[in-house]
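Take a moment to turn the model around on your screen before reading on. Then let's walk through it together, piece by piece.

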Amino acid sequence: MDGPWLKSDIPTVPSSLDFDADLRRRDPEWGLRRVEEFARAADERGLRLEASRPVPANNLMLLLRRT
């Protein structure tokens, strides 16, 4: 999975925060997700966050594997 994620140890660029605010204005259920919260939810479903890697445009790629 890749996209503009929020991660506690990586500063978020203003354009990603603007994008998040715009999504949430459209629908409060939308918006960027925190990697840590996503990883907990994935773990509950039998997936483990194995790695995250930076990709262009201030985004992250998340690698999940079945446990």
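Among the things covering the buried residues of helix α2 are the strands β2 (47-55) and β3 (59-66). Keep in mind that you're looking at a predicted model. So which residues of α2 are buried? The helix spans residues 35-44, and the buried ones are Val35, Ala39 and Ala42. They sit on the same side of α2, because they cover an arc of only 65° around the axis. There's a handy rule behind this kind of pattern: an α-helix has 3.6 residues a turn, so residues three or four places apart point the same way.

Now look at the other face of α2, the one turned away from the buried side. Here you'll find the exposed residues Arg40 and Glu44. Glu44 also has a partner: its side chain meets that of Arg45 in a salt bridge, at 3.8 Å from N to O. Like Glu44, Arg45 is exposed. Carry on just past α2 and you come to Gly46, which takes a positive phi of about 85°.

That brings us back to the two strands. How do β2 and β3 run relative to each other, parallel or antiparallel? They're antiparallel, and eight bridges join them. To see the pairing for yourself, find Ala51 and look across to β3, where Leu63 stands opposite. The two strands make a hairpin with three residues between them. One residue in that turn, Ala57, has a positive phi of about 65°.

Next, hop over to the loop between β1 (2-3) and α1, where Lys7 is found. Is Lys7 buried or exposed? Its relative accessible area is 18%, and buried means under 20%, so Lys7 counts as buried. What does Lys7 touch, once you leave out residues up to four places away in sequence? The answer is Arg34, Val35, Glu36, Ser52 and Leu60. You've already met Val35 as one of the buried residues of α2. Lys7 has a polar contact too, made between its side chain and the side chain of Asp9 (3.1 Å).

Finally, let's visit helix α1, which covers residues 14-26 and includes Asp20. With 12% relative accessibility, Asp20 counts as buried. Asp20 forms a salt bridge with Arg24, with the closest N and O atoms 2.9 Å apart. Both residues belong to α1 and are four residues apart, which is about one turn of the helix. Their surroundings aren't quite alike, though: Asp20 is buried, while Arg24, at 33% relative accessibility, counts as partly exposed. Setting aside neighbours within four places in sequence, Asp20 is in contact with Gly31 and Leu32.

There's another pair to find in α1. The side chains of Arg26 and Asp22 meet in a salt bridge of 2.7 Å, N to O. These two are also four residues apart, about one turn of the helix. Arg26 is exposed, with a relative accessible area of 58%, whereas Asp22 is partly exposed at 25%. Salt bridges that share partners link Asp22 and Arg26 with Arg25 in one network. How many salt bridges does the structure hold? There are seven, and the ones you've just traced, including Asp20 with Arg24 and Glu44 with Arg45, are a good place to begin exploring.

Notes
Residues are numbered from 1 along each chain as its sequence is written. This is a predicted model: local features need pLDDT of at least 70, side-chain atom pairs count only at pLDDT 80 or more; totals for chains, interfaces and linings use all residues. Side-chain values use heavy atoms; hydrogens and water are left out. Buried means under 20% relative accessible area, exposed over 50%, partly exposed in between (1.4 Å probe, protein chains only). Contact means heavy atoms within 4.5 Å. The arc is that of the directions from the helix axis to the C-beta atoms. A polar contact is a pair of N or O atoms within 3.5 Å; within protein, one must be able to donate a hydrogen and the other to accept it, and residues adjacent in sequence count only if both atoms are side-chain atoms. Two strands pair if DSSP finds at least two bridges between them. A salt bridge is a side-chain nitrogen of Lys or Arg within 4 Å of a carboxyl oxygen of Asp or Glu.
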